[in-house]
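Thanks for making time for this, everyone. I'd like to walk you through one structure, so have a look at the screen while I bring it up.

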Amino acid sequence: MPDLATIGAALSSLKTASEIVKFLRESDLSLERAELKLKLADLVSALADARIDLVEVQESLAAKDKKIAELEEAFDCKDAMVRRYDAYYVADPDGQPTGIPFCLRCWETDHKKRQLVLSSKDRHMRVCTSCGHQYGNSRVEDL
Ligand SMILES: [Zn+2]
């Protein structure tokens, strides 16, 4: 997982690139062609390293945004969910469970509302659409 060290590496690469550009600008036309090519190759390499590091940081930030959105959603409906036997349900205005059952494991572990559906293999079982955990139908029925 990219972190502050990745940002540091990207900044270091950009600093190197800046120093190469500064060197080239200050060296007027006295550089040999071969030396100029070498410096340009170093410059391209430093910029490519910085780009790779920044892509990692971008992906990391996107993943964190997604996680924050999930946690905000879970937080918003924290009080609206109540447990009954082996499932969670939306609470009615009186705080009583109502409607369709949601996976106990997914709610308590990942803070995600995942519906339980009837198993296609066993009509006495319900299965989570996300984690696949199975529940006895009598303990997670529709209300
Ligand atoms: Zn689940």
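Let's start with Cys-106. Is Cys-106 buried or exposed? Cys-106 comes out buried, because its relative accessible area is 2%, and anything under 20% counts as buried. Before I go further, please keep in mind that this is a predicted model.

So what is around that cysteine? Cys-106 is one of the protein donors of a zinc ion; the donors are Cys-103, Cys-106, Cys-128 and Cys-131, each through its SG atom, and they lie 2.2 to 2.4 Å from the zinc. The angles among the four donor atoms run from 104 to 115 degrees, and the site is tetrahedral. If you follow the sequence, the donor residues are spaced C-x2-C-x21-C-x2-C. Within that pattern, Cys-106 in helix 3 (residues 104–110) and Cys-128 in strand 5 (residues 125–128) are 22 residues apart, and this pair links distant parts of the chain. Cys-128 is buried too, with a relative accessible area of 5%.

Now let me stay with another donor, Cys-103. Which residues does Cys-103 touch, leaving out those up to four places away in sequence? The answer is Arg-114, Leu-116, Cys-128, Cys-131 and Tyr-135. Cys-103 also turns up in the largest nonpolar core, which has 15 residues; the members that touch the most others there are Cys-103, Trp-107, Leu-116 and Tyr-135. Strand 2, strand 3 and helix 3 are the elements that give two or more residues to this core. As general background, nonpolar side chains in soluble globular proteins tend to be buried together.

There is also a second, separate core, made of six residues, including Ala-17, Ile-20, Leu-31 and Ala-46. That takes us over to Leu-43, which lies in helix 2 (residues 33–76). Leu-43 is buried, with a relative accessible area of 13%. Not counting residues up to four places away in sequence, Leu-43 touches Ala-17, Ile-20 and Val-21. And here's a distance you can check on screen: the C-alpha atoms of Leu-43 and Ser-13 are separated by 9.2 Å, with their positions 30 residues apart along the chain.

Okay, on to the strands. A quick reminder for anyone new: strands of a sheet pair through backbone hydrogen bonds, either parallel or antiparallel. Here we have an open sheet of three strands in the order 1-2-3, with antiparallel pairing. Strand 1 (81–84) and strand 3 (97–103) are at the edges with a single partner strand each, so one side of each has no neighbour in the sheet. On average, neighbouring strands in this sheet are turned by 40 degrees against each other, ignoring direction.

Look at strand 2 (residues 87–91) next to strand 3: the two are antiparallel, and four bridges pair them. In that pairing, Ala-87 stands opposite Cys-103 in strand 3, and Cys-103 is the zinc donor we met earlier. Strand 2 and strand 3 form a hairpin with five residues between them, and Gly-95 in the turn has a positive phi of about 85 degrees.

Further along the chain, strand 4 (residues 116–118) pairs with strand 5 in the antiparallel sense, over three bridges. A hairpin of six residues joins strand 4 to strand 5. Strand 5 is also joined to strand 6 (residues 134–136) by three bridges, and those two run antiparallel as well. Val-127 is a handy residue to click on: Val-117 stands opposite Val-127 in strand 5, and Val-127 stands opposite Gln-134 in strand 6. The hairpin of strand 5 and strand 6 has five residues between the strands, and Gly-132 in the turn has a positive phi of about 85 degrees.

Last stop: positive phi outside glycine. Tyr-85 has a positive phi of about 50 degrees although it is not a glycine. Where is Tyr-85 found? It's in the loop between strand 1 and strand 2. At 44% relative accessibility, Tyr-85 counts as partly exposed. His-111 has a positive phi too, near 60 degrees. His-111 lies in the loop between helix 3 and strand 4, and is partly exposed, with a relative accessible area of 38%.

That's my tour, so over to you for discussion.

Notes
Residues numbered from 1 in each chain as written. Predicted model: local features only at pLDDT ≥ 70, side-chain atom pairs only at ≥ 80, totals over all residues. Heavy atoms only, no water. Donors = N, O, S within 2.8 Å, 3.2 Å for Na, K, Ca; no water. Tetrahedral: all angles 85-135°; square planar, octahedral: opposite > 155°, others 65-115°. Buried < 20%, exposed > 50% of the residue type's maximum accessible area, 1.4 Å probe, protein only. Pairing = 2+ DSSP bridges. Axes fitted to C-alpha atoms, helices over the stretch in contact; angles between N-to-C directions. Core = buried A, V, L, I, M, F, W, Y, C linked by side-chain atoms within 4.5 Å. Contact = heavy atoms within 4.5 Å.
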